[in-house]
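Q: Please take me on a close look at one part of this model: the surroundings of the ligand. Start there and follow the trail outward, step by step.

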Amino acid sequence: MPDRPYVIDEMISAKQIAARIEELCRAIRTEFADTDKLVVVGLLRGSFVFIADLVRELEMPVEVDFLEASSYGNEMESSREVKILKDLRGQIEGRDVLVVEDIVDTGYTLDHVLHVLKSRKPRKLKTIALLDKPSRRETSVRADWTGFEIPDEFVVGYGIDFAQRNRNLPYIGKVRFTGEG
Ligand code: IMP
């Protein structure tokens, strides 16, 4: 699949992302106003750029931790069966936690991760997703905050990959195939 030639059309600019993160951080700060130190949990690997910008804009005490769930691998379709490949380093019992996801697509990943984290009894557990593809949802999960709702397109950039490529684009672009591979 990744060997088919493709181009990337810009969908959301770096400037739009930065402006939206400012708005989202205002809402997050209000929600966690009484929190001493927020545990910000990034879902690897797609959220690594988003979480970096998010914690810097948050301007409140945070701890950063990461969790890796199985994802698409090299495919463009969700496998539906989600496994935890790399767990958190820290404890979250009694803590205030913000889970940071790149894209909610079918919702299986976020649904599973929230189920696992809830069982560890955090005081408060909230979620933020940079992108949401509501038309693809196969579960009832919803992020508490969403950056942008997008149509059913395969996107890359700003941390998000296509078979491990294009994560380092500063904007979100959609993949458009240009011919047979
Ligand atoms: P879900 O379990 O189907 O909601 O899938 C969520 C994960 O699939 C995301 O965290 C991404 O890693 C990956 N994913 C979903 N849509 C895309 C896309 O358009 N481009 C790249 N990865 C995607």
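**Around the ligand, and outward**

A: Seventeen residues surround the ligand, and those that come nearest are Asp102, Thr106, Gly107, Thr109 and Val155. Keep in mind that this is a predicted model.

Take the contacts one at a time. Begin with aspartate 102. One of its polar side-chain atoms lies 2.5 Å from an oxygen atom of the ligand. Next comes tyrosine 108. Here a polar backbone atom is 3.5 Å from an oxygen atom of the ligand. Then turn to valine 155. A polar backbone atom of valine 155 is 2.7 Å from a nitrogen atom of the ligand. So what kind of side chain does valine have, and what does the backbone do? Valine counts as nonpolar, yet the polar atom in this contact belongs to the backbone of valine 155.

How much of the ligand does the protein bury? Taken alone, the ligand exposes 490 Å². The protein buries 94% of that area.

Which elements build the shell? Strand E5 (96-104) and helix H3 (108-118) each give two or more residues to the shell around the ligand. E5 gives the most, with four residues. Now sort the shell by residue type. Seven of its residues are nonpolar, four are polar and six are charged.

Now follow valine 155 away from the ligand. In the strand pairing, valine 155 stands opposite lysine 174 in E9. This is part of a wider pairing: strand E8 (residues 155-156) and E9 run antiparallel, joined over two bridges. E9 pairs with another strand too. Six bridges join strand E9 (residues 172-177) to strand E1 (residues 6-12), and these two are antiparallel as well. One position to look at is valine 7, which stands opposite arginine 176 in E9. For E9, then, there is a pairing with E8 and a pairing with E1.

Stop at lysine 174, which is found in strand E9. Is it buried, partly exposed or exposed? Lysine 174 has 27% relative accessibility, so it counts as partly exposed. Its C-alpha is 16 Å from the C-alpha of serine 135, and the two residues are 39 apart in sequence.

Now look at the rings. The structure holds four aromatic pairs. One is formed by tyrosine 6 and phenylalanine 177. Their ring centres are 6.1 Å apart, and the planes meet at 70 degrees. Planes over 60 degrees apart count as edge-to-face, and this pair is edge-to-face. Why does this pair tie together parts far along the chain? Tyrosine 6 is in strand E1 and phenylalanine 177 is in strand E9, so the pair links parts 171 residues apart in sequence. The strands E1 and E9 are also the ones joined by six bridges.

How covered are these two residues? Tyrosine 6 has a relative accessible area of 17%, so it is buried. Phenylalanine 177 has 24% relative accessibility, so it counts as partly exposed. The cut-off between the two classes is 20%.

Phenylalanine 177 has a second partner, phenylalanine 162. Their ring centres are 6.1 Å apart and their planes stand at 80 degrees, so this pair is edge-to-face. Phenylalanine 162 lies in the loop between E8 and E9, while phenylalanine 177 is in E9, so the pair ties together parts 15 residues apart in sequence. Phenylalanine 162 has a relative accessible area of 1%, so it is buried. Put the rings together: Tyr6, Phe154, Phe162 and Phe177 form one aromatic cluster.

Stay in that loop for a moment. Alanine 163 is found in the loop between E8 and E9. Its phi is near 50 degrees, a positive value in a residue other than glycine. Alanine 163 has 17% relative accessibility, so it counts as buried. Glutamine 164 is found in the loop between E8 and E9 too. Its phi is near 70 degrees, again positive in a residue other than glycine. Glutamine 164 has a relative accessible area of 40%, so it is partly exposed.

One last stop lies elsewhere in the chain. The peptide bond from leucine 44 to arginine 45 is cis, with omega near -5 degrees. Arginine 45 sits in the loop between strand E2 (38-44) and helix H2 (48-58).

Methods: Residues are numbered from 1 along each chain as its sequence is written. Side-chain values use heavy atoms; hydrogens and water are left out. Two strands pair if DSSP finds at least two bridges between them. A residue is near a molecule or strand if one of its heavy atoms lies within 4 Å of it. A polar contact is a pair of N or O atoms within 3.5 Å; within protein, one must be able to donate a hydrogen and the other to accept it, and residues adjacent in sequence count only if both atoms are side-chain atoms. Accessible areas come from the Shrake-Rupley method with a 1.4 Å probe; for residues, only the protein chains shown count as cover. Rings of Phe, Tyr and Trp (its six-membered ring) pair if their centres lie within 6.5 Å; planes under 30 degrees apart count as stacked, over 60 as edge-to-face and the rest as tilted. Buried means under 20% relative accessible area, exposed over 50%, partly exposed in between (1.4 Å probe, protein chains only).
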